[in-house]
Amino acid sequence: MVKHLAIIMDGNGRWAKSRGLPRGAGHKAGIKAVHEVLRGCEEHRIPHLTLFAFSSENWRRPKSEVSFLMDLFVSTLQKELDELVEKGIRLRFIGDVGAFEADLQHRIQQAEFKTSGNSGLFLNIAVNYGGRWDIAQAAARLARDVAEGKVDPEAIDADKFGEYVCLADVPEPDLLIRTGGEFRISNFLNWQLAYTELYFTSCLWPDFNQEEFKKAVDWYNGRQRRFGKTPEQIAVASQKINHA
Ligand code: FPP
């Protein structure tokens, strides 16, 4: 069962280009695909969803595209917040949000606050996020706790370190979907994806729909997750569960 789904939403630009439209039209169409995914999570009872909306590297895009994306985030939050509240969705942003304009930062805080009491889908949106940034910020916070005597350096292991990265309080992603035909994780959740099943599809993000969603989940359900164990150990463990 997928408890946490993470998605790299790629292919908006190519989708627009193939229709002779500006790239922004692809990003706008991408919002519709986000709605498809929200519905898919409900249908497949997936409690945690993390979307990569804007990477630390996306600042390198043409200025006009960056500001289009920022406006799109602001207007989407403004337009859809009430619906998210109504649907019981808890919204959280991960990434270095301090780099955004004050208005967007304010809307982000407001959206997190307004949905903080919800207990439906936990929706995490990664903005100005990078996996290496995440690991570096975790190291900095951990170092601070060591300096303040709250953590014994001898007690630092992967579990301890993992308490400091983003999303430490939710299960690690079981499944990552990347649309758009590229086979890489592009600095997304580098720490958290250690044991995640990776699903790549050539489908462009704006075309992602229920059918594509089901294909990915069905593929995941056919995978055997071994977490370093042998297939035989896994078979014995699942027999025990079935006989319990
Ligand atoms: C990658 O496609 C997509 C992005 C950088 C932006 C993703 C944002 C959205 C889908 C909007 C979602 C909004 C919210 C509020 C969650 P690309 O432009 O790299 O496509 P290309 O590889 O075809 O050029």
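Start by selecting A216: beyond its neighbours within four places in sequence, it is in contact with L175, I177 and Y199. This is a predicted model, so keep that in mind as you click along. A216 sits in helix α7, which spans residues 210-221. Is A216 buried or exposed? Its relative accessibility is 0%, so it counts as buried. For a sense of distance, add T50 to the selection: the two residues are 166 apart along the chain, and their C-alpha atoms are separated by 15 Å.

**Next stop: the sheet**

One of the contacts of A216 was L175, so select strand β5, residues 175-178, together with β6. The two strands run parallel and are joined by four bridges. Within this pair, L175 stands opposite E197 of β6.

Now widen the view to the whole sheet. In what order do the six strands lie? Reading across, they go β3-β4-β2-β1-β5-β6, in an open sheet with parallel pairing. The edges are taken by β3 and β6 (197-200); each has a single partner strand, so one side of each is left without a neighbour in the sheet. On average, and ignoring direction, neighbouring strands of this sheet are turned by 20 degrees against each other.

**Along β4**

Select residues 122-129 to bring up strand β4. How many of its eight residues are buried? The count is eight of eight, so this strand is mostly covered. Look at what flanks β4 on each side in the strand order, namely β3 and β2:

- Strand β2, residues 48-55, runs parallel to β4 and is joined to it by seven bridges. Pick H48 to find one of the pairings: its bridge partner in β4 is F122.
- Strand β3, residues 90-94, also runs parallel to β4, with five bridges between them. Here R92 is the residue to click, and its bridge partner in β4 is N124.

As background while you look at these pairs, strands of a sheet pair through backbone hydrogen bonds, either parallel or antiparallel.

**Up to the helices**

Keep the sheet visible and return to the β5 and β6 pair, which run parallel. Then add helix α2, residues 23-43: this helix packs on the sheet, where it touches β1 (4-8), β2 and β4. The direction of α2 makes about 165 degrees with that of β2.

Bring in α3 beside α2. Their axes come within 11 Å and cross at roughly 30 degrees. With angles under 35 degrees counting as roughly parallel, that makes α2 roughly parallel to α3. The crossing of this pair is right-handed. To see the contact itself, show R23, G24, H27, K28, I31, H35 and L38 from α2, then E65, F68, L69, L72, T76, E80, E83 and L84 from α3. Colouring the residues of this contact by character gives six nonpolar, four polar and five charged.

**Last stop: α3 and α4**

Finally, select α3 (residues 63-86) with α4 (residues 102-115), whose axes are 10 Å apart and which pack at an angle of about 20 degrees. That makes α3 roughly parallel to α4. Which hand does the crossing of α3 and α4 have? This one is left-handed. On the α3 side, show M70, F73, V74, L77, Q78, L81, D82 and V85; they meet D103, L104, R107, I108, A111, K114 and T115 in α4. The residues of this contact divide into nine nonpolar, two polar and four charged.

Note on methods:
Residues numbered from 1 in each chain as written. Predicted model: local features only at pLDDT ≥ 70, side-chain atom pairs only at ≥ 80, totals over all residues. Heavy atoms only, no water. Axes fitted to C-alpha atoms, helices over the stretch in contact; angles between N-to-C directions. Parallel < 35°, antiparallel > 145°, perpendicular 65-115°, else oblique. Left-handed = near helix turned anticlockwise from the far one by under 90°. Contact = heavy atoms within 4.5 Å. Nonpolar A, V, L, I, M, F, W, Y, C, P; charged D, E, K, R; others polar. Buried < 20%, exposed > 50% of the residue type's maximum accessible area, 1.4 Å probe, protein only. Pairing = 2+ DSSP bridges.
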